[in-house]
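Biologist: Please take one helix of this model and go through it closely. I would like to hear how it sits, what it packs against and which charged pairs it makes.

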Amino acid sequence: MAANIDLALEDEKKAFKAYLTTKNVSEKSANVAVSKAFGIWKLKDKETFDKLMKSDNFEKDAKALLVEIYNGSEKKAAAYYSELKRYYIYYLEKNGLPVPSEIKNPKPGRKPGTASKKKATRKTAAKKTTAKKAAKKTEKKATVKKAAAKKTTAKKAVAAKKTVAAKKTTAKKTVKAAATKTAAPKRGRKPAAAKATAAKKTAVKKTAGRKAAVRTTAKKSAARSVSSSSNAALVKAINELNKTLAPIAKLAQKLK
């Protein structure tokens, strides 16, 4: 008999789990619900379980029975009651019986499915909020990337200008250096050919100076010669004059 009861329990568990699956209950939650729903069957017997399912006041009788089974622990009884109530709804639907409104809606004033709808609404709102936050983060990242890209572009433009300016400066220096090489070399830094040319010019100048000096010396010698000749002629003239004036001077003395 016990084997038949256990077999019946296992079959009922499988059927109840299949029912929960049709309600989109997860595998884990379905296993928990099945385990708790049949606590009365396991701890008492099938007759007590079936009697509870046919009770005219299921909620009151189920809670009282669970508190008795779990030694007065209302908290533990309440945890098991929610899963037992699931089976009770399944039992009524399976047998084509109406489900009492207070069982469908545990809290007065609420329409069937209100709690689940509100929960779904909250989840949707949370998803939207998360999506908005993600969009803001993405937008912020995009803004930061754009700013960074602008800075990078500006830096590249400045670097390019500097490069162009440096190339121009280098070109100018190159042209200037070439012009400097073409022009006359500075003192102390004359090339060999320029030095040779300068030496020739210096030698020519020295030769010209020597020739000029020779000419000057010749002119001076000629002037001296002329001066000596003039002096001799003058002395001679004076002597002649003295000879001529001597008789007159004598005559003048006599007339005195």
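Modeller: What follows is a close look at helix α5, with a short comparison case from helix α6 at the end. Keep in mind that this is a predicted model.

Start with the helix itself. Helix α5 covers residues 58-69, which is 12 residues. From its first C-alpha to its last it reaches 16 Å. That is close to the 16 Å expected at 1.5 Å a residue. The buried residues of α5 are F58, A62, L65, L66 and I69. Viewed down the helix axis, these buried residues fall within an arc of 100 degrees, so they line one face of α5. The face turned away from that buried side carries K60 and E68, both exposed.

What does the buried side of α5 pack against? Its buried residues meet four helices: α3 (39-43), α4 (46-53), α6 (74-94) and α7 (101-104). After α5 comes N71, and its phi is positive, near 55 degrees.

Now the charged pairs. The model has six salt bridges by the rule used here. One of them joins the side chains of E68 and K44, at 3.7 Å from N to O. E68 belongs to helix α5 and K44 to the loop between α3 and α4, so this pair ties together parts that are 24 residues apart in sequence. E68 counts as exposed because its relative accessibility is 52%, and the cut-off is over 50%. K44 is partly exposed, with a relative accessible area of 39%.

A second pair stays inside the helix. The side chains of K63 and E59 form a salt bridge of 3.2 Å, N to O. The two residues are four apart in α5, so about one helical turn separates them. K63 is partly exposed, at 39% relative accessible area. E59 is also partly exposed, at 29% relative accessibility.

For comparison, turn to helix α6, one of the helices that the buried residues of α5 pack against. There the side chains of E83 and R86 meet in a salt bridge, 3.7 Å from N to O. Both residues lie in α6, three residues apart, or about one turn of the helix. Is E83 buried or exposed? E83 counts as buried because its relative accessibility is 13%, and the cut-off is under 20%. R86, by contrast, is partly exposed, with a relative accessible area of 34%. Leaving aside residues up to four places away in sequence, E83 touches F16, A33, K36 and A37.

Technical notes
Residues are numbered from 1 along each chain as its sequence is written. This is a predicted model: local features need pLDDT of at least 70, side-chain atom pairs count only at pLDDT 80 or more; totals for chains, interfaces and linings use all residues. Side-chain values use heavy atoms; hydrogens and water are left out. The expected span of a helix is 1.5 Å times one less than its number of residues. Buried means under 20% relative accessible area, exposed over 50%, partly exposed in between (1.4 Å probe, protein chains only). The arc is that of the directions from the helix axis to the C-beta atoms. Contact means heavy atoms within 4.5 Å. A salt bridge is a side-chain nitrogen of Lys or Arg within 4 Å of a carboxyl oxygen of Asp or Glu.
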